[in-house]
Amino acid sequence: AGHFLIEAKALGYALPTGMLEQWISYQRGRAESWANNGRTGDQLIQAYRLFGLALAQKPDLSAMNRLKEANNLKIQARWRLAAAYHLAGQSEVAKSVILGQSTETSAYTGHGNTYGSALRDQALVLDTLALMGERTQAFGLATKVSEALSSKKWHSTQSTAFSLLAMMRFAGEAAGGDLEGFYTLGKQEEQGFGTQMPLFSTALDLPEVKKVRLAVHN
């Protein structure tokens, strides 16, 4: 919920007075009192909490350093913590946290207390790489996440949401200016499009036939 509030504020939405400040205060208290029990879910919750504070421009560096020094830091928490360090302006530390770490994630049964999945974990890694500008390393992962989203397979809300967020950040970094192109639907006239956003969408006036060819040129 706090992550949502921060993203909304960044997009210009007005928040209820004091709500974000109260959230920051609560999260800082939880971050300072957190104790490492070695469980994957609990470590990720702390890392995500620290990521949220850094995203709100209120990083808790002491709590981040304590988590970083854990000798059993799980991969999900490690990648989210790296994102927190990067947002806090500690880019070199962020790189050291994930140095030599795999971007591959393992499938597991049960979602646990963070509603996790292999896809959700892939999205966390992709989001971090996109934040840090590591586009070459991120590209293969972005392809995998995109293929998963495009498949017929069921994904949880958590997996879908984080995947879309990561793909949005990756696409936004790639856009680098105006997006222009044109498309042709069946025998209809060619239609041009242009936008300064990373994504463009439009409603298609589909003819009443079973099959129709759509050609898109970016």
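**Exercise 1.** In which helix is the place of R169? Then decide whether R169 is buried or exposed, and list what R169 touches.

*Solution.* The model is a predicted one. Step 1: R169 sits in helix α9, which covers residues 157-175. Step 2: the relative accessible area of R169 is 14%. The cut-off for buried is under 20%, so R169 is buried. Step 3: with neighbours within four places in sequence left aside, R169 is in contact with E7, D127, A130 and L131.

**Exercise 2.** Describe the chain as a whole: how many helices and strands are there, and in what order do the elements run?

*Solution.* Step 1: the chain has nine helices and three strands. Step 2: read from the N terminus, the order is α-α-α-α-α-α-α-α-α-β-β-β. Step 3: along the principal axes, the C-alpha atoms fill a box of roughly 65 × 40 × 30 Å. Step 4: the chain has 218 residues, and 39% of them are buried. Step 5: take the contacts between residues at least 6 apart in sequence; 56% of these join residues at least 24 apart.

**Exercise 3.** Work out how helices α1 and α2 are placed relative to each other, and which residues form their contact.

*Solution.* Step 1: α1 spans residues 2-10 and α2 spans residues 19-33. The two pack at an angle of about 135 degrees, and their axes are 11 Å apart. Step 2: this angle makes α1 oblique to α2, since an angle has to be over 145 degrees to count as roughly antiparallel. Step 3: the crossing of α1 past α2 is left-handed. Step 4: α1 supplies G2, H3, L5, I6 and K9 to the contact, while α2 supplies M19, L20 and W23. By class, the residues of this contact are five nonpolar, two polar and one charged. Step 5: the buried residues of α1 are G2, H3, L5, I6 and A8. Step 6: just after α1, G12 has a positive phi of about 95 degrees.

**Exercise 4.** Treat α3 and α4 in the same manner. At what angle do their axes cross, and which residue in the loop between α3 and α4 has a positive phi?

*Solution.* Step 1: helix α3 runs over residues 40-55 and helix α4 over residues 61-68. Their axes come within 10 Å and cross at roughly 150 degrees. Step 2: angles over 145 degrees count as roughly antiparallel, and α3 and α4 are therefore roughly antiparallel to each other. Step 3: α3 passes α4 in a left-handed crossing. The residues in contact are Q43, Q46, A47 and L50 from α3, with A63, M64 and L67 from α4. Of these, five are nonpolar, two are polar and none is charged. Step 4: the loop between α3 and α4 holds Q57. Although Q57 is not a glycine, its phi is positive, about 65 degrees. Step 5: the relative accessible area of Q57 is 68%, and the cut-off for exposed is over 50%, so Q57 is exposed.

**Exercise 5.** Place R120 in the chain and decide whether R120 is buried or exposed. Which residue shares a polar contact with the side chain of R120?

*Solution.* Step 1: R120 belongs to helix α7, residues 118-131. Step 2: R120 has 3% relative accessibility and so counts as buried. Step 3: the side chains of R120 and D121 are joined by a polar contact of 3.0 Å. Step 4: outside its neighbours within four places in sequence, R120 is in contact with L44, Y108, T114, Y115, Q158, S159 and F162. Step 5: one of these, Y115, lies in the loop between α6 (91-97) and α7. Y115 is a residue other than glycine with a positive phi, near 55 degrees. At a relative accessible area of 54%, Y115 is exposed.

**Exercise 6.** Where is V145 found, and which residues does V145 touch?

*Solution.* Step 1: V145 is in helix α8, residues 135-150. Step 2: the relative accessible area of V145 is 0%, so V145 is buried. Step 3: not counting residues up to four places away in sequence, V145 touches L119, Q122, L126, S163 and M167. Step 4: V145 and V125 are 20 residues apart in sequence, and their C-alpha atoms are 11 Å apart in space.

Note on methods:
Residues numbered from 1 in each chain as written. Predicted model: local features only at pLDDT ≥ 70, side-chain atom pairs only at ≥ 80, totals over all residues. Heavy atoms only, no water. Helix = DSSP H or I, 4+ residues; strand = E, 2+ residues; numbered from the N terminus. Buried < 20%, exposed > 50% of the residue type's maximum accessible area, 1.4 Å probe, protein only. Polar contact = N/O pair within 3.5 Å; in protein donor to acceptor, adjacent residues only side chain to side chain. Contact = heavy atoms within 4.5 Å. Axes fitted to C-alpha atoms, helices over the stretch in contact; angles between N-to-C directions. Parallel < 35°, antiparallel > 145°, perpendicular 65-115°, else oblique. Left-handed = near helix turned anticlockwise from the far one by under 90°. Nonpolar A, V, L, I, M, F, W, Y, C, P; charged D, E, K, R; others polar.
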